[in-house]
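Work through the exercises below with the sequence and the model open. Each task is followed by a solution in steps.

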Amino acid sequence: MPVDVSVVLPVRNGAATLDSQLAALAAQTFRGAWELVLVDNGSTDGTRRLAERWRDRLPRLRVHAEPGARGANHARNAGCRLAAGDRIAFCDHDDIADPGWLAALTRGLDEHPAVGGFLERESLNDPRVVATRPQRAGLRDGGFGFLPYPLTANCAVHRAVWDRLGGFDEAFRYGSDDVEFFWRAQLSGFALGYVPDAVMHYRLRPDLPRMARQYYDYGRSHPMLFRAFGAAGMPPSRWRSGGRSWLGLAAALPGLPGSRRARAVWVTRAAMCCGRVAGSARHRVLYL
């Protein structure tokens, strides 16, 4: 039977959360024929064995081992090459898809070549963690002053988009992987749509050290984005705004001891600023 939609799910060492996402995918209300292409990118925690146990509940489940080059974009590209559908949706192993998620994304692809859905952040996360990435609707702009983009935790494209772009750029990682792909798609003439009914319950990093590491990696990737897209219109960072960020961090220090939420926000912002400094040095471009 032909497949209408392929769902590509990259995973590495996701055994702690994968069951919940697979249960959510098994409960999708989408009426068409769809498959799940799960790409195990070098897991060492039994992820692949866990996934195999879902074959009776996800009959079109395909589990593919991709142990070589690591990285979510590498795994996504491997999944897209295997995918049988002309439409490809993407999600992550540590989130939980709403029952109508795939149906909504597919409807969105009736009108747009690429779409993103709504990331619901409050149900799976502590309020202190949510404070670092507040709930908002619509496509992200990341504060770059350039093009919008969805996260690959909740998006879908026509295969023609992936083919035309030559897949995801595997050099981009650490939070800029999806940004780069969807910016390149729009610059290539593919319109991007937003589907608010495609709800993904999104899991943030649960503790401060992992949150700080994630934001440091985000910041480190921003100069790389500017090196790639500055000529296309991505605005440069300004010394004045960069200076305000550091001054704001200094000004917030006295209020940190009495508030766990304020400390979480401060640490993530400081980590991103430090990451941008490191990324600027690495990529030989100034973006602070």
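**Exercise 1: the residue after α10**

Arg-284 is placed in the segment after α10, where helices (H or I, at least four residues) and strands (E, at least two) are DSSP runs, numbered from the N terminus. The model is a predicted one, in which local features need pLDDT of at least 70, side-chain atom pairs count only at pLDDT 80 or more, and totals for chains, interfaces and linings use all residues. Residues are numbered from 1 along each chain as its sequence is written, and side-chain values use heavy atoms, with hydrogens and water left out.

Task: state the sign of phi at Arg-284, and decide whether Arg-284 is buried or exposed.

Solution. Step 1: phi of Arg-284 is positive, about 55°, although the residue is not a glycine. Step 2: the classes are buried (under 20% relative accessible area), exposed (over 50%) and partly exposed (in between), with a 1.4 Å probe and protein chains only. Step 3: the relative accessible area of Arg-284 is 79%, so Arg-284 is exposed.

Task: treat Asn-13 in the same manner, giving its phi and its accessibility class.

Solution. Step 1: Asn-13 belongs to the loop between β1 (5–11) and α1 (15–26). Step 2: its phi is near 55°, a positive value in a residue other than glycine. Step 3: Asn-13 has 31% relative accessibility and therefore counts as partly exposed.

**Exercise 2: length and packing of α10**

Task: check whether the end-to-end distance of helix α10 agrees or disagrees with the expected span.

Solution. Step 1: the expected span of a helix is 1.5 Å times one less than its number of residues. Step 2: helix α10 covers residues 260–283, which is 24 residues, so it should span 34 Å. Step 3: the C-alpha atoms at its ends are 34 Å apart, which agrees. Step 4: the buried residues of α10 include Ala-264, Cys-273, Gly-279 and His-283.

Task: describe how α8 packs on α10.

Solution. Step 1: two packed helices are described by the angle between their axes and the distance between the axes. Step 2: axes are lines fitted to C-alpha atoms, for helices over the stretch in contact, and angles run from 0 to 180 degrees between N-to-C directions. Step 3: helix α8 (residues 208–229) and α10 meet at an angle of about 35°, and their axes are 6 Å apart. Step 4: the contact of α8 with α10 involves 14 nonpolar, seven polar and five charged residues. In this count Ala, Val, Leu, Ile, Met, Phe, Trp, Tyr, Cys and Pro are nonpolar, Asp, Glu, Lys and Arg are charged, and the others, Gly among them, are polar.

**Exercise 3: aromatic rings**

Task: how many aromatic pairs does the whole structure hold, and how is the pair of Phe-146 and Trp-183 classified?

Solution. Step 1: rings of Phe, Tyr and Trp (its six-membered ring) pair if their centres lie within 6.5 Å; planes under 30 degrees apart are stacked, over 60 edge-to-face, and the rest tilted. Step 2: a search of the whole structure gives 10 aromatic pairs. Step 3: Phe-146 and Trp-183 lie 4.9 Å centre to centre with 85° between the planes, an edge-to-face pair. Step 4: this pair links distant parts of the chain, 37 residues apart, with Phe-146 in the loop between α5 (127–130) and β7 (154–158) and Trp-183 in helix α7 (residues 177–187). Step 5: both Phe-146 and Trp-183 are buried. Step 6: ring pairs join Phe-144, Phe-146, Tyr-149, Trp-183 and Phe-229 into a cluster.

Task: classify the pair of Phe-181 and Phe-182.

Solution. Step 1: the ring centres of Phe-181 and Phe-182 are 5.1 Å apart and the planes stand at 85°, so the pair is edge-to-face. Step 2: Phe-181 is buried, with a relative accessible area of 0%. Step 3: Phe-182 is at 1% relative accessibility and counts as buried.

**Exercise 4: enclosure of α4**

Task: explain why α4 is described as largely enclosed, and place Arg-107 in an accessibility class.

Solution. Step 1: helix α4 (residues 101–109) has eight of its nine residues buried, so it is largely enclosed by the rest of the structure. Step 2: among the buried residues are Trp-101, Leu-105 and Gly-108. Step 3: Arg-107 is also found in helix α4, and at 48% relative accessibility Arg-107 counts as partly exposed. Step 4: the C-alpha atoms of Arg-107 and Ala-198 are separated by 9.5 Å, with these positions 91 residues apart along the chain.
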